[in-house]
Structures are given as C-alpha cells and as structure tokens.
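Visitor: I would like to go through this model by question and answer. Please start with a single residue.

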Amino acid sequence: MKIHIDIDCFFVSAIRTIDPSLEHKAVAIGGRSDTKIFNTEAKNQTVNFANSGSFVPTFFKAYEEKDDDLDAFRDSDGKVRGILTTSSYEARAYGVKTAMRIEDALQLCPHLIIKAPNMSLYQELSHKLHEYLNLKIPLIEQASIDEFYGDLGGWIEDEDVPQFIDTLRHEIKKDIKLPVSIGAAKTRYIAKLATTYAKPFGSKTIYPWDFDQFVNPIKVEDFAGVGRSMREKLHAVQIHTLGELRQRRGTLESWGPYAKELYKRVNGEVDAPIQTKRERKSIGISRTIEPLFDREELRRRIHILARHLSFAIMKLDVIPTVFHLSIAYELNKKTRASLSMAEVFTDKKFDRICVELFNEADTQKRLRVIRLSIQAGSFTKHSKKELSLIGFDDEQKMHKLTRSSQVLREKYGLDAIKWGSEL
C-alpha cells in the first residue's frame, strides 16, 4: 500500500514546537512578499533550495525575534498588510482561512495571534521528519515541505497498515512534536485523498471493498489535480462528485490526455512510483510590490532580482538555457517574455537578459506594475542542448569572474557585491 503523510497546519505546528504556550490558541502565520530586498538598508537574506514552493520561497528574509509578531506586517502608516499562509484549527473555527488578508482575519477573530514566518525552522523540522521517516519506511518521497509519500508494499501486510500508520503518527508527535495525518490506499492519489478525511491528527485506510463508499460522495474539486477550470468544465456537464465522474468515462476521455489520466487516478487504475530523489529543473524569484509606474525604478528592481537569482543558479551549479520574465499589472493584465539560449552562464549576461526581457514584456506602459517574476530552467544536464562555442574562451573568463563574486557573496552575504544600476 501507498501512504500519504501531511503535517497538520505545519507553520503553526512548527512554531508551537518552540513556543508551547501557543497550544490550543487561535494562531495564524502571516505572509508578505519580502520587498525589502529593493531597499538599501541592511537585511538578513537567506537562500534555501530544499523545499521551496507554495508559501515556501527560495529567497526569504530571516526574521529577527523583534519582527516575530503583527508589527512585521504593519507599515509606517500603521496599516496592516499581508495575507495568511496558514492558521490553526482554533482560528479556522472563526472563519479564518488561508490566503485571507490579515486585516480581514483580525475582524473575524480579534484575539488571533499573528506570527511572522520562520522559514529556517520549517526547513529544519521538515528535514528532521524526512530523516525520521527514512528510518521507519523503506521508500519515502518528499512531495513538499510538509507532505510525504511512502510505499509499504512488501514491508507491511495490508491488514496491518491501519495499526502501523496509527502508531506512526503518535510516534512522530512524541519524538518530533509535530501532529500529522496519514492516509493509506492502493495508489498515492487515493492515499492523499484519504489524508484529507483523516485530518486533524488522524489516520485512514481505504481498502478495495470500501473504495466506492469512500470515493463516490466526494466533490470533484476536492481531488488533487482538479483546478478551477476543470471543476467548471465538470460542473457544466453535471459532474459534481467523484462518483458521477467515474460514471462518465467516455466524456472525460473525449477531453484529451489530462482528463483521461484524471479519470484513471480517481478510479484507482493508475499509480506513480515513489521517487526518493527529485532533481530541480527550474528556479525562479518573484515579488509583489505596491503599484509602481516608474519604469527606471522597475528596471532597478529587475537588476536586484536578477542578482538574487544568479546567486541561486551558481549555488546550484547549473547552466539554464530557457529564461522567462512575467509582469503583472493593475486591472488584472499580465505579460510575459521568453528567451532560449545555450551559452555559458555569467552574472553579467544574465543581468542583461533579464533587463531585455523586461523591456520586451512591458507592453502595458500606461499601467502600474504590481508583480515581477523571473524564472530560469531547462538546465543543460536535463536537455539535449549543446553550449555554443562562439566566444567560448571569453565566456569562460566571465564565468570565472562570476564564480569569484559568488565566493564573496557566500562569505559576506548576497548584498556584498551589487550592480551600480541597483543603487
């Protein structure tokens, strides 16, 4: 059987491991794009590649203790900004939800305790749990910072799985002080679904004989992989539950490969192996900013984002061959520019590429910008592209200079060496 392990309210649970006084209280973790990277003031900027993703950035500010409360989200004008990345079950009872504005959450729950994110702690605990699970289960895959899959096949007999996962969740709570919920089923997709219905701090096993009874009543939008567009498409043809979806195989197969695969996942017909190691194939950086019209200031910020991303690329020791830059404007307008190029990576060249992509993507010049995003991917070891030999010797010299800059930034911080255009 496959199992899915999910840490309950991870960011809140993590902070409770170092501050037990927060137990049984309404607590929420705030989130706010760290726009301080654009300021000249000193800051403690950290890079971590281990488990970046939703609400877990690659680049983040390492908050000081004095920042670890509501004041971390209060501007100089006194206005509280930011959203919630997660909240405790005690807070959810008041209607507090993930991605809700902090201001709105405090209206619903005035005694809500707001804590700033502690990314270093999250990474530390996630790694600790991963190592712990490796001692308990032969095959473990880390899907995200708070989510794991395991394969019990040939290790635990199917009839013993309920007892095994129930014991495991209590052991994790005792040894690592993190509450987890665990689902088990024949496939990883159904195991993940089972975890949802085991929360909080529970376990649930789905056997073939109770598969229909469990799966059929569930709403289609509650199945992983069904986003807003697919949900609307399903609802449009009167498919609202997974049971109704399972009865409409022909309909889904007519919609193409993705829908066909979705049907098989819901029906328990397909599975995917546990991947104990995952190689990163791309990396990016983005920031949401206050609406800004000044194009020169926006280009200055592109230089800063490019420097941060260049540092990460060199740290990964990869050569990206595809570059993307996207801009989000007011009025829900978005633009994007891309470039494919197989050449030796250098700090200076990457900075130039990012500015050129910004100039190309910025087609809505009458609108103010609210978000900037840069991504680099298709690393040479993952593609069949060969590096250009034109000017190769000169490029190697620049690459050597980039490495020298990297050493200084590793030792003295990301801001040790900046482009003059950033100032």
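Visitor: Is Asp 158 buried, partly exposed or exposed?
Guide: This is a predicted model. Buried means under 20% relative accessible area and exposed means over 50%. Asp 158 has a relative accessibility of 24%, so Asp 158 counts as partly exposed.

Visitor: Which residue meets the side chain of Asp 158 in a salt bridge?
Guide: Asp 158 sits in the loop between S8 and helix H5 (161-175). Its partner is 28 residues apart from it, in the loop between S9 and helix H6 (188-196), and the pair links distant parts of the chain. That partner is partly exposed, with a relative accessible area of 47%. The N to O distance is 2.7 Å, and the residue is Lys 186.

Visitor: How many salt bridges does the structure hold?
Guide: Side chains of opposite charge can pair when their charged atoms come close. The pair of Asp 158 and Lys 186 is a salt bridge. For the structure, the number is 25.

Visitor: What is the distance between the closest N and O atoms of Asp 271 and Lys 2?
Guide: Asp 271 lies in the loop between helix H11 (257-266) and strand S11 (282-292), while Lys 2 lies in strand S1, 269 residues apart. Asp 271 is partly exposed at a relative accessible area of 32%, whereas Lys 2 is buried at 9%. The two form a salt bridge, and their closest N and O atoms are apart by 2.5 Å.

Visitor: Which helix holds both Glu 296 and Arg 299?
Guide: Glu 296 forms a salt bridge with Arg 299, with 2.9 Å between the closest N and O atoms. Glu 296 counts as exposed, at 55% relative accessibility. The two residues are three residues apart, about one turn of the helix, and the helix is H12 (residues 295-316).

Visitor: Which residues are joined into one network by salt bridges that share partners?
Guide: The cases above were described as pairs. Here, shared partners join the salt bridges into one network. Its members are Asp 6, Asp 8 and Lys 199.

Visitor: Which strands stand at the edges of the five-strand sheet?
Guide: The sheet is open, with mixed pairing and the order S7-S8-S1-S9-S10. An edge strand has a single partner strand, so one side of it is left without a neighbour in the sheet. From one strand to the next, the twist averages 15 degrees. The edge strands are S7 (139-144) and S10 (203-205).

Visitor: Which residue in S9 does Ile 5 stand opposite?
Guide: Strand S1 covers residues 2-7 and strand S9 covers residues 180-185. They pair in the antiparallel sense over six bridges. Opposite Ile 5 in S9 stands Ile 182.

Visitor: How many residues does the hairpin between S7 and S8 pass through?
Guide: S7 and strand S8 (residues 147-151) run antiparallel and are joined by five bridges. Within this pair, Gln 142 stands opposite Phe 148 in S8. The hairpin joins S7 to S8 through a number of residues, namely two.

Visitor: Which residue in S6 stands opposite Ile 29?
Guide: Three strands form an open sheet with mixed pairing, in the order S5-S2-S6. Strand S5 (83-87) and strand S6 (113-115) are its edge strands, each pairing on one side only. Strand S2 (residues 27-31) pairs with S6 in the parallel sense over three bridges. Opposite Ile 29 in S6 stands Lys 115.

Visitor: At what angle does helix H1 run to S2?
Guide: H1 (residues 10-18) lies across S2, S5 and S6. In that sheet the twist averages 40 degrees from one strand to the next. The angle from H1 to S2 is about 110 degrees.

Visitor: What is the distance between the axes of H1 and H4?
Guide: Two packed helices are described by the angle between their axes and the distance between the axes. H1 and helix H4 (residues 119-136) pack at about 90 degrees, which makes H1 roughly perpendicular to H4. The contact includes Phe 10 and Phe 11 of H1 and Leu 121 and Tyr 122 of H4. The axes are apart by 10 Å.

Visitor: What percentage of the residues count as buried?
Guide: The chain has 14 helices and 14 strands. It exposes about 21,300 Å², of which carbon and sulfur atoms supply 50%. Of its 423 residues, the share that counts as buried is 47%.

Methods. Residues are numbered from 1 along each chain as its sequence is written. This is a predicted model: local features need pLDDT of at least 70, side-chain atom pairs count only at pLDDT 80 or more; totals for chains, interfaces and linings use all residues. Side-chain values use heavy atoms; hydrogens and water are left out. Two strands pair if DSSP finds at least two bridges between them. Helices (H or I, at least four residues) and strands (E, at least two) are DSSP runs, numbered from the N terminus. Axes are lines fitted to C-alpha atoms, for helices over the stretch in contact, and angles run from 0 to 180 degrees between N-to-C directions. Buried means under 20% relative accessible area, exposed over 50%, partly exposed in between (1.4 Å probe, protein chains only). Accessible areas come from the Shrake-Rupley method with a 1.4 Å probe; for residues, only the protein chains shown count as cover. A salt bridge is a side-chain nitrogen of Lys or Arg within 4 Å of a carboxyl oxygen of Asp or Glu. Contact means heavy atoms within 4.5 Å. Angles under 35 degrees count as roughly parallel, over 145 as roughly antiparallel, 65 to 115 as roughly perpendicular and the rest as oblique.
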